[in-house]
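Student: Could we go through this chain together, beginning with its confidence and ending with single residues?

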Amino acid sequence: MKFKLFIIAFISIAIIIPFAKAFEIPFPGEAGFYIGKPMLYIIAGTAGDPKTVGQEGVYNFGPDKVTLDGVEYYDCSFKTTDLDGAHFYFGINSKNGILTQKGIKFGTTEINIKPAVVTIKYPLFAGEKWDNKNNKTELNAKNIKIGDIAIPELNVKDVTVETKVSSSAINVPTGNVECLLIETVYKGNVLGAISVKLTQRTWMSVDNVPVKRSFELVSEQLMKTPTIVYDMELSEPNPDIYDLNWDGVVNILDLMIVTKYYGQNIQSVRVPNPDIDGNRIVDLNDMELLIAHFGEVYKK
Ligand SMILES: [Ca+2]
Ligand SMILES: [Ca+2]
């Protein structure tokens with residue numbers, strides 16, 4: 001049995017094209033969004049409930065869906081034990097290779113984006129830019145706080161949305177990870193007079209895993225420093241270190257991930273991490289560890 005697995009593993013090494021250094025994230029298909037696979041994050045900042053900083057929570061991309069303005073979106077949630085959680089509404093458009101964002105909800109605050117904006121355009125690479133020039137974007141916010149002012153409902157029309165992508169190595173509890181930083185800036189005028197800027201930043205690993213997300217609000221008229229709405233960082237590359245693709249079982253698919261990176265030095269943590277023993281190289285030890293745990297089933 002063991003011998004057979006080694007044969008499969010070495011054949012896999014031979015057929016997989018070595019990983020290119022300059023990294024680009026191709027459209028990974030629906031499966032590449034790890035739908036319904038829990039990932040652990042730590043809250044690194046939030047103005048809403050500062051005592052939650054340092055708490056760990058679980059992020060899930062779907063699998064539940066919500067219908068907003070007649071279209072279905074994945075309800076992506078981040079939950080800790082004492083939070084109702086934050087929700088991000090994303091749509092996957094496989095035909096065009098884009099991820100759209102329809103809204104955000106945290107506590108009682110809800111932001112609906114009309115129409116949904118392109119949040120990731122694949123393939124994703126440093127230097128890429130896009131904007132909403134051809135769309136009139138409107139933000140509808142419920143129960144929002146700007147500085148000390150609480151506003152029950154607010155419509156902001158003609159919002160400009162600009163996104164740029166850059167390379168960024170980031171240090172999170174998981175380790176130092178090479179990422180592509182997607183920075184989206186929403187700008188608009190509230191009540192025709194107060195300028196408000198919302199910046200959403202997502203750091204994506206080469207394997208399309210959001211390693212960190214932050215969302216900040218600035219209004220020069222209303223506040224001296226930006227308000228961190230939320231800031232969350234990946235806490236572990238993988239809760240079950242042998243189940244690299246988070247599907248709940250250690251099998252050939254996980255072995256394929258190890259073989260894909262076989263022989264490579266791991267300069268920055270990969271997510272998921274094929275360097276199982278943490279010696280910075282993907283080698284036979286990692287493969288043996290994985291094979292020793294082959295067939296194990298993890299409860300999610
Ligand atoms: Ca697996
Ligand atoms: Ca290793």
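The exchange below takes up confidence, strand pairing, nonpolar cores and individual residues in turn.

Tutor: This is a predicted model, in which local features need pLDDT of at least 70 and side-chain atom pairs count only at pLDDT 80 or more, while totals for chains, interfaces and linings use all residues. Residues are numbered from 1 along each chain as its sequence is written, and chains are lettered from A and ligands numbered from 1 in the order in which they are written.

Student: In which element of the chain is confidence highest, and in which is it lowest?

Tutor: The pLDDT, the predictor's confidence in each residue on a scale from 0 to 100, averages 87 over the chain, and 90% of the residues score at least 70. Over residues 16–20 the pLDDT is below 50, and this stretch has five contacts in the model beyond near neighbours in sequence, a contact being two residues whose C-beta atoms, placed from the backbone, lie within 7 Å. Where pLDDT is low, the predicted coordinates should not be read in detail. Confidence is highest in strand 8 (residues 129–131), at 97, and lowest, at a mean of 59, in helix 1 (residues 2–15).

Student: How many helices and strands does the chain have?

Tutor: Helices (H or I, at least four residues) and strands (E, at least two) are taken as DSSP runs and numbered from the N terminus. On that basis the secondary structure of the chain comes to three helices and 14 strands.

Student: Over how many bridges does strand 11 pair with strand 12?

Tutor: Two strands pair if DSSP finds at least two bridges between them, and strand 10 (residues 149–172) is joined to strand 11 in the antiparallel sense by 13 bridges, with Asn171 partnered by Asn176 in strand 11. A hairpin of two residues links strand 10 to strand 11, whereas the hairpin of strand 11 and strand 12 has three residues between the strands, with Leu191 at a positive phi near 55°. Tyr186 has Leu198 in strand 12 as its bridge partner, and the antiparallel pairing of strand 11 with strand 12 extends over twelve bridges.

Student: Which residue takes a positive phi in the hairpin of strand 5 and strand 6?

Tutor: Strand 5 (residues 86–93) is joined to strand 4 (residues 71–79) by five antiparallel bridges, and strand 5 also pairs antiparallel with strand 6 (residues 98–106) over eight bridges. In strand 6, Thr100 is the bridge partner of Gly91. The hairpin of strand 5 and strand 6 has four residues between the strands, and the residue with a positive phi, near 65°, is Gly97.

Student: Which strand gives the most residues to the largest nonpolar core?

Tutor: A nonpolar core is a set of buried Ala, Val, Leu, Ile, Met, Phe, Trp, Tyr and Cys residues joined through C-beta atoms within 7 Å; a residue is buried if 20 or more other C-beta atoms, placed from the backbone, lie within 10 Å of its own, exposed if 12 or fewer, and partly exposed in between. The largest core has 53 residues, and those with the most contacts inside it are Tyr41, Leu139, Leu180, Met204 and Val211. With six residues, the strand that gives the most to this core is strand 11 (residues 175–190).

Student: Within what arc do the buried residues of helix 3 fall?

Tutor: The buried residues of helix 3 (residues 284–292) are Asp286, Met287 and Leu290. The arc is that of the directions from the helix axis to the C-beta atoms. Seen down the axis of helix 3, these residues line one face of the helix, because they fall within an arc of 100°.

Student: Is Asn208 buried or exposed?

Tutor: Asn208 lies in the loop between strand 12 (194–205) and strand 13 (210–218), and, not counting residues up to four places away in sequence, Asn208 touches Ile25, Pro28 and Gly32. The C-alpha atoms of Asn208 and Ile25 are separated by 6.8 Å, although the two residues are 183 residues apart along the chain. Because Asn208 has 20 C-beta neighbours inside 10 Å, Asn208 counts as buried.

Student: And is Ile252 buried or exposed?

Tutor: Ile252 is in helix 2 (residues 252–260), and from C-alpha to C-alpha Ile252 and Ile291 are 9.3 Å apart in space and 39 residues apart in sequence. Since Ile252 has 12 C-beta neighbours inside 10 Å, Ile252 counts as exposed.
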